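Let's take a walk through a protein together, one step at a time. Have a look at the picture first, and then we will start with a small puzzle.

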Amino acid sequence: MPRLNDTNAFSSVYNVMANWGANHGAFVYGHIGKDLITLASMFRIPVSLHNIDDKDIYRPHSWCAFGTKDLEAADYRACANYKELYKS
């Protein structure tokens, strides 16, 4: 169940489903979303459409050079700049 509040795009459960672009999800017992987002940043994978508070997300210090106002957009710019960590 998404956390609904006025500070993000999740004003209703229907907004989540209407904007969900991923074809996968992670469902576990407990709150590990912030840890998964941190892991994704290590692998240079930008994450959007999450409901984790910004204060709980770890971003490398160098990410600040890509913007501090719109953090999701800054994540995409940082990942594009640093390129993928591993190639298949």
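Is Arg44 buried, partly exposed or exposed? Its relative accessibility is 25%, so Arg44 counts as partly exposed. You can find Arg44 in the loop between α2 and α3. The backbone here deserves a second look: phi of Arg44 is near 65°, a positive value in a residue that is not glycine. Now follow the chain onward to Ala80. Arg44 and Ala80 are 36 residues apart in sequence, yet their C-alpha atoms are 8.0 Å apart in space.

Let's step back to the whole protein. What you see is a predicted model, and the average pLDDT of the protein is 77. A score of at least 70 is reached by 73% of the residues. Where is confidence lowest, and where is it highest? The lowest mean, 71, belongs to helix α1, which covers residues 13-19. The highest, 88, belongs to helix α3, residues 71-82. Keep that in mind as you look around.

The protein has 3 helices and 0 strands, and from the N terminus on the order is simply α-α-α. Of its 88 residues, 20% are buried. The protein exposes about 6900 Å², and carbon and sulfur atoms supply 58% of that area. How does the chain meet itself? Take the contacts between residues at least 6 apart in sequence: 38% of them join residues at least 24 apart.

Next, let's look inside. Which residues form the largest nonpolar core? This core has 5 residues: Trp63, Phe66, Ala74, Ala78 and Cys79. In soluble globular proteins, nonpolar side chains tend to be buried together. Leaving aside residues up to four places away in sequence, Ala74 touches Phe66 and Gly67. Cys79, another member of the core, is buried, with a relative accessible area of 7%.

Cys79 also brings us to cysteines. A disulfide is a covalent bond between the sulfur atoms of two cysteines. How many disulfides does the structure hold? The count is 0. Compare the surroundings of two cysteines: Cys79 is buried, whereas Cys64 counts as partly exposed, at 45% relative accessibility.

Finally, let's turn to charges. Side chains of opposite charge can pair when their charged atoms come close. The structure holds 2 salt bridges. In one of them, the side chains of Asp56 and Lys55 meet, with 3.4 Å from N to O. The partners sit in unlike settings: Asp56 counts as partly exposed at 31% relative accessibility, whereas Lys55 counts as exposed at 68%.

The other pairing brings together the side chains of Asp75 and Arg59, at 2.8 Å from N to O. Why does this pair tie together parts that are 16 residues apart in sequence? Asp75 lies in helix α3, while Arg59 lies in the loop between α2 (33-42) and α3, so the pair links these two parts of the chain. Asp75 is buried, and so is Arg59.

Technical notes
Residues numbered from 1 in each chain as written. Predicted model: local features only at pLDDT ≥ 70, side-chain atom pairs only at ≥ 80, totals over all residues. Heavy atoms only, no water. Helix = DSSP H or I, 4+ residues; strand = E, 2+ residues; numbered from the N terminus. Buried < 20%, exposed > 50% of the residue type's maximum accessible area, 1.4 Å probe, protein only. Contact = heavy atoms within 4.5 Å. Areas by Shrake-Rupley, 256 points an atom, 1.4 Å probe, with all protein chains shown as cover. Disulfide = S-S within 2.5 Å. pLDDT = per-residue confidence, 0-100. Salt bridge = Lys/Arg side-chain N within 4 Å of Asp/Glu carboxyl O. Core = buried A, V, L, I, M, F, W, Y, C linked by side-chain atoms within 4.5 Å.
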